[in-house]
Amino acid sequence: MNIANLNLSFSLEYIVILMALIILYLLYYVFTKDAKYTKNIRSVASVVEDANREIYYLKKKLEQTQQSIQKNSQRMNDDEIYQEIERSVYDMQQPLALALKQMQNNIESIELEIDARMSQLESGVRQISIPSSLHANDDEKIISLYKQGVDIEIISKELHLAQPEVEFVLKINKIK
């Protein structure tokens, strides 16, 4: 009887150690990926900074053009003034449109990368076979009770499990 308890104790210790190692690995993975995402965010910030700089120069150019138009307005008729303003606005709008397209492309690529990473993490978590409790049929009980419409809080109290553990079982089995 003591040998069985000792073996169970050792196997529980190994399971706990294994789970701790997996959690440490996941934390390391998240922190390393966070550095990459920070780099991407910095690149987007530099594009935004360049766009702001371009806006500043365009505003200056607009002011100069307005002053030039005011000086030349005595010599120009209304149609010529309208055409000059239209050209100036178009010249100012082009760099902004290009910068916005570049920002949109950067954001879309970051979103795609984040979605890919999230799906990889989700599939990795699904592949890890960590028992959610010491009783193997708790998962089946949780799923059965949830499908019957029983609230998660009640399920956790009835089965003497933590609420996050119940939610984890439901998420792993794609029920919630």
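The following dialogue examines how several residues of this predicted model are classified.

Student: Why is T65 called buried?

Tutor: T65 has a relative accessible area of 15%. Buried means under 20%, so T65 at 15% meets that term. The residue is found in helix α1, which covers residues 2-72.

Student: What makes the approach of the T65 side chain to the backbone oxygen of K61 a polar contact?

Tutor: The side chain of T65 reaches that oxygen of K61 at 2.7 Å. The limit for a pair of N or O atoms is 3.5 Å, with one atom able to donate a hydrogen and the other to accept it; the 2.7 Å separation therefore lies within the limit.

Student: Which residues does T65 contact, leaving aside its neighbours within four places in sequence?

Tutor: T65 is in contact with E84 and S88. The word contact is used because heavy atoms lie within 4.5 Å.

Student: How do you know whether S156 is buried or exposed?

Tutor: Its relative accessibility is 6%. As the buried class is under 20%, S156 is therefore buried. S156 belongs to helix α4, residues 152-159, and its side chain reaches the backbone oxygen of E153 at 2.8 Å. Not counting residues up to four places away in sequence, S156 touches L161, A162, Q163 and V166.

Student: What makes up the largest nonpolar core?

Tutor: That core has 9 residues: I142, L145, I152, I155, L159, L161, V166, V169 and L170. Helices α3 (138-147), α4 and α5 (163-172) each supply at least two of them. The set is called a core because its members are buried and joined through side-chain atoms within 4.5 Å. In soluble globular proteins, nonpolar side chains tend to be buried together.

Student: Why is Q104 placed in its accessibility class?

Tutor: Q104 has 46% relative accessibility. Buried is under 20% and exposed is over 50%, so Q104, lying in between, is partly exposed. Q104 is found in helix α2, residues 78-127. Its C-alpha atom is separated by 9.4 Å from that of V44, 60 residues apart along the chain.

Student: How do you know that F31 is exposed?

Tutor: F31 stands at 57% relative accessibility. The exposed class begins over 50%, and F31 is therefore exposed. F31 is found in helix α1.

Student: Which residues form the nonpolar patch on the surface?

Tutor: The patch is formed by Y14, I17, L21, I23, L24, L27 and F31, with about 780 Å² of accessible area together. Membership requires over 30% relative accessible area; F31, at 57%, therefore satisfies that requirement.

Technical notes: Residues are numbered from 1 along each chain as its sequence is written. This is a predicted model: local features need pLDDT of at least 70, side-chain atom pairs count only at pLDDT 80 or more; totals for chains, interfaces and linings use all residues. Side-chain values use heavy atoms; hydrogens and water are left out. Helices (H or I, at least four residues) and strands (E, at least two) are DSSP runs, numbered from the N terminus. Buried means under 20% relative accessible area, exposed over 50%, partly exposed in between (1.4 Å probe, protein chains only). Patches are made of residues with over 30% relative accessible area and no salt bridge: like charges are joined within 9 Å, nonpolar side chains (Val, Leu, Ile, Met, Phe, Trp, Tyr) within 5 Å. Accessible areas come from the Shrake-Rupley method with a 1.4 Å probe; for residues, only the protein chains shown count as cover. A salt bridge is a side-chain nitrogen of Lys or Arg within 4 Å of a carboxyl oxygen of Asp or Glu.
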